Structures are given as structure tokens and as C-alpha cells.
Amino acid sequence: MCGIIGFIGNKNASEIIYNGLKHLEYRGYDSVGVAYIKSKDVVIKKDVGKLNEVNSKLNFLDVKSNIGLGHCRWATTGAVTKENAHPHTDCNNIIVVVHNGIIENYLELKNDLIKKGHNFRSDTDTEVFSHLIEQKMKEGKSFEEACSIASRIIQGTAALVIANTEEEKLIGIKIGSPLVLGVSDFGYFLASDIPAFLNYTKKVIFLKDFEMVVLDKSGYRIYTIDESAKMHETEKKVYTIDWDAEQAEKGSFDHFMIKEILEQVDAISNASIQDVKKLEKFSEKILKSDKIFFVASGTSYHASLVGSYLMNKICGISTIPIIASEFSHYINSINDKTLIIAISQSGETYDVLEAVRLAKNKGAKIFSIVNVNGSTLTWESDDYLLMNCGPEIGVAATKTYSAEIVLLELIACFVAKKFEEGKMKINYLRNIIYNLTSESSRNAIKDIAKFLRDKSNLFLIGRGLLYPTAMEGALKIKEISYIHAEAFAGGELKHGTLSLIEDGVPVIALIDEATKDSTLSNAREVKARKGIVIGVSPFHDEAFDFWIKVPECNNLNPIAFIIPLQLLAYYLAVLRGFDPDKPRNLSKSITVK
Ligand code: F6R
């Protein structure tokens, strides 16, 4: 969803910006650009393509400067062209802007600025911001005042880094999109995400909406911008984060995705280390609430479906899982006795934040499950549990999905007063994941991927806890290998979709002890129509053409069973020649509507 970075200090900015962009590329990779401020002048390099492609053409590293900005784009307003790549400037190349978000009223502002004589060079919404600041400065405002006024004129979402080449200053503003400030003894960083500067500092200030950071070589000042665009200086706490810089590096792995799949052995135990007092609070709130909604998107939504089954199974409590972007249609049933459990890896997903804000307005309480500490969702929530996964860089969520399920299982067990039992089971799962991700298991899955690589459709079936698991498996396969994959509840096959099964159509059947008889009979129905059955289960059956053995883990089956499906999606993408870390048209952390 676009990555932005800025640096000011006494080190070479070009290296810092380039390294930062490498870590932000997961947020957008259709075009990339940098700007360096030098002797009150600006050097801009930008073009369409991935960072390494554009860098080998333009060399981002050959300018020595102490102030820089960078941007990797996931196009929203304006086509993927060199002109639309960021940074964007005002008429005189004094104000330089990089932006993540969408300015909804940009056309109206643009027309007005054109009438006032401003010369636009792109079709983006972002360029409006640089001209708006230029205009306000022309009208006599300082750079800082112009930025704060502009922040209240635009409508929509924005994280912005803005340079003033004459004053040699950087300003960062957060309005609904993520922005963090990194602090070190050699300079200051503004970025969409912590991994962008984790190699240089672990000291971080988390910004809230309508906070503005002013950076020059002497230090930083933070202001809150009130509704009338007045600036109020504010003190903020500096946090030292415990993420390891190595966690944000690929190391010897070919892709982040495979690294993160293998990291699940540790991710599940790290997720299970939780403050019991917080779990108690979650549990009390669940027991006191009239209605409980899970709200999440994509993979996190699939985890919430698993959570809903678990809450019912383990503690007999019914919950309603809702896709975050659909939540507004349920608003009439929300009140002050409602509990929203929001689940989000990034804590920045627009749809989730919007749902949460709607629910809060109706008096609901918000408890969340989040990976990124300091993200907007953590500020918006009454309380939250952290997944403790470290940064997840691959666009396809893997380790955070498992961590989300661990937390949902722990919460359900806590409510049912079976916490110790639940925790023990999670520890036991470590060895199972270790085996499921071993080299021999990976090779077996690779062989199945070789068989499936040229198929254009495949189906997944499962029941109970394995139905959302099938949905998550289908999403992984679709999003990175571009093979059409669809999941069905086993019992639904006979209600229509069985007509899609013909000679050679592959069906992955997820079968555990609880669903053995029913899903096996579905697998046989597929077999009888000459479909190819790939059984994923603790036991073999003659209906299987291929068998992926997964040990029975009862309530934790959604974690055990997703591992081979994540691996299958990964190998399918690689064998078909696609980069699993950067699927087309997608981006991690969707901060727009
Ligand atoms: C799929 C995937 C997405 C995210 C979704 C929500 O692999 O990663 O579907 O799950 O965009 O993101 P978060 O969890 O950050 O709210």
C-alpha cells in the first residue's frame, strides 16, 4: 500500500533510504523513487519497476546527501507511469512529498490550485499536497503552518514525508495511514514501518493521527494539529522495540515467505506467552457481553472463522465473524453491550479500522489481536493482545495466521477455565510443526506442486475447523500462484459444485478424526467422477491419489493443516515462475478503502 521513508542526520541518506526501501518494498512495487536534498537543491530519481530494476538503471546510491526521502508505490490514483511515481514537488522544486494513502478531495483542490497558477505534472492525488503547501507559504505561512493547514484541508488518508529544500527540514504527518519516527544518535527516520530503519535504531516513537513531526539536524519536535489546524507541541514517549534486525532480513532463504513459514515453530510458542491479567480481562469481557463480533479481513478473517468455531466448541459461546468491509451493514445491532474482537496483523487495515470506529461510536468495546505494536488498531482498542511474531514481510500472511489461532485458542480455553491444558497443547504442537516443515516434508509437497503446476483450477474441501482452513489454503494458492482455487464446506459439494468435478480436476480434501466419515465420503464422490484427490489427513484412504500426512491435533488442526497448504502455495508460485513475496496487484497492509 505504498511505503514511505525519510531521513535527516549526519550519515549518508542515500544508503539509508535505499536500505529502507528494500524493507518497505512489500508495501508496493509497481514504481519507486527517491529524492536527496543537497545544497538547498533536490535530486529526484524515479521510474516504473521494482527497486532493484530501477536502481540498476538510475543508481540511487551515487548521491551524497544528509537528507533524503523514498517511496515504493502501489498505484491508487493515477496509472503506473514514471510521472506518477513519487516523490512529487511543487512548481519550484522546493517542497518534495512522498505519500501513502488516498486524498479523496484531490480533484477539487487540484482545480482550485490550477486556477491559482500551479503547474501539475502528474495525475496523482499526492501532488496536490506539495502545491497546497506552496500556496499556503505564498500566502505568508511558515513551512510548518502550511503543512498543518494542508493536513486539515485534505480529506482521506495520508502518511506524508515532506521536505523543504530551502530550509533543509523534513516534516512527517500521520492521517490514518501508518507512520513511525525512529530516533538515533546520528539522525532521525520517518517510515511507514519499523523494519525500514531497524538496522540503524530500535528507538521508536509511535505517532497518532494528526500528529506532525518536524525534523532538522538539531532534533525533532512533535505537534498535534487540532481541528482548526493549530499546532500544539507535545511530548511523546520513546519506546525501545524488541524486534531483531535479523527478523526483517531474508538471510539465506530465497524468499521471506518460506522463512516465515518455517518460523512458525517459534511463532506459536511466542504467541502463547501472554500476560494472564490481559487474558482475564478478555475473558471477563466475553462473558459479560450480549453479542460478540469478530471483525477482520483476508487471512485474519479466516482466523476469526476458526475462532468462532473454537469459541463455540471450547466454551459454548456463539460469536459472529464478519468481514471488516461488510461490518457497516450490521451496525444496527451494535450497542454498548457489544464486544468487537478485531484481528489484524498490521493493525493498519483500513476496513478493520473503519469497522472499529463505527462500532465505538455505537458504544461497543473493542478488544483486538494485533502483531504490530503501536499500530493504529492498538490505539483504537480498549485492550489488545500482541501476536509476538516479529515482522512479517512476505505479502502472504503465514506465521501471523497461526499466531492468531493460538491466541483465539488461548482465549477460548481461558474462558472455559482450561488455560493450562490449552497452553500445553500449543507447546506440543511445536514438534509437529517442526516435522511438517522438515526438508523431507517440503520435498514431498514440492512433488505434489510439480503435479499441480499446470492446472488452472483446483478445489479444497473441509468441514468444521477444516472448512476455514480450506478457505485460507485456497487464498494462499490463489494470491501467489494465480491458480484459481476455491474452498467448499464438504457438505456443500452435493448442493451444486459437484458439477465442476470431472476427469483430472484436483481436489484437496482436509480430513481429521472429527470429520472423517463425512469428508471421506465427499472425497469418494470426487473420485467417482474421476477427480484427483489429494488427501491431507492423519490417515490414508484408498480414495487418495496423493496423501499428505498431518497428525491429529484436535482443536489445533487449523494450524497443523495449514502448514502443507502454505508450502504448496509457495512451491506452486516458485515453480510457475512467480515471486511469492510480491504477488501482482497486491500489497501488505491495505490502508485504503
Ligand atoms: C493474505 C493476506 C491478507 C491480509 C489482509 C488483512 O495472505 O495477508 O488477506 O490477511 O489484508 O491484513 P491484516 O491482518 O494486516 O489486517
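**Exercise 1. The ligand and its surroundings**

Which polar backbone atom lies 3.0 Å from an oxygen atom of the ligand? Then describe the shell around the ligand.

*Solution.* A note before we start: this is a predicted model, in which local features need pLDDT of at least 70 and side-chain atom pairs count only at pLDDT 80 or more, while totals for chains, interfaces and linings use all residues. Residues are numbered from 1 along each chain as its sequence is written, and side-chain values use heavy atoms, with hydrogens and water left out.

Step 1. The partner at 3.0 Å belongs to T299. A polar backbone atom of Q345 is 2.8 Å from a ligand oxygen, and one of V395 is 3.3 Å from a ligand oxygen.

Step 2. On its own the ligand has 410 Å² of accessible area (Shrake-Rupley method, 1.4 Å probe), and the protein covers 88% of it.

Step 3. Helix 9 (298-315) and helix 15 (466-481) each give two or more residues to the shell.

Step 4. Of the 14 residues around the ligand, S300, S344, S346, T349 and E479 come nearest. The shell divides into four nonpolar, eight polar and two charged residues.

**Exercise 2. Helix 13**

Compare the expected span of helix 13 with the distance between its end C-alpha atoms, then find what covers its buried residues.

*Solution.* Step 1. Helix 13 (residues 419-436) has 18 residues, so at 1.5 Å a residue it should span 26 Å; its end C-alpha atoms are 26 Å apart, which agrees.

Step 2. Its buried residues (under 20% relative accessible area, 1.4 Å probe, protein chains only) are F419, G422, I426, L429, I432, I433 and L436.

Step 3. Among the elements covering them are helix 7 (264-272), helix 12 (399-415) and strand 25 (546-549).

Notes. Helices (H or I, at least four residues) and strands (E, at least two) are DSSP runs, numbered from the N terminus. The expected span of a helix is 1.5 Å times one less than its number of residues. Buried means under 20% relative accessible area, exposed over 50%, partly exposed in between (1.4 Å probe, protein chains only). Contact means heavy atoms within 4.5 Å. A residue is near a molecule or strand if one of its heavy atoms lies within 4 Å of it. A polar contact is a pair of N or O atoms within 3.5 Å; within protein, one must be able to donate a hydrogen and the other to accept it, and residues adjacent in sequence count only if both atoms are side-chain atoms. Ala, Val, Leu, Ile, Met, Phe, Trp, Tyr, Cys and Pro count as nonpolar, Asp, Glu, Lys and Arg as charged, and the others, Gly among them, as polar.
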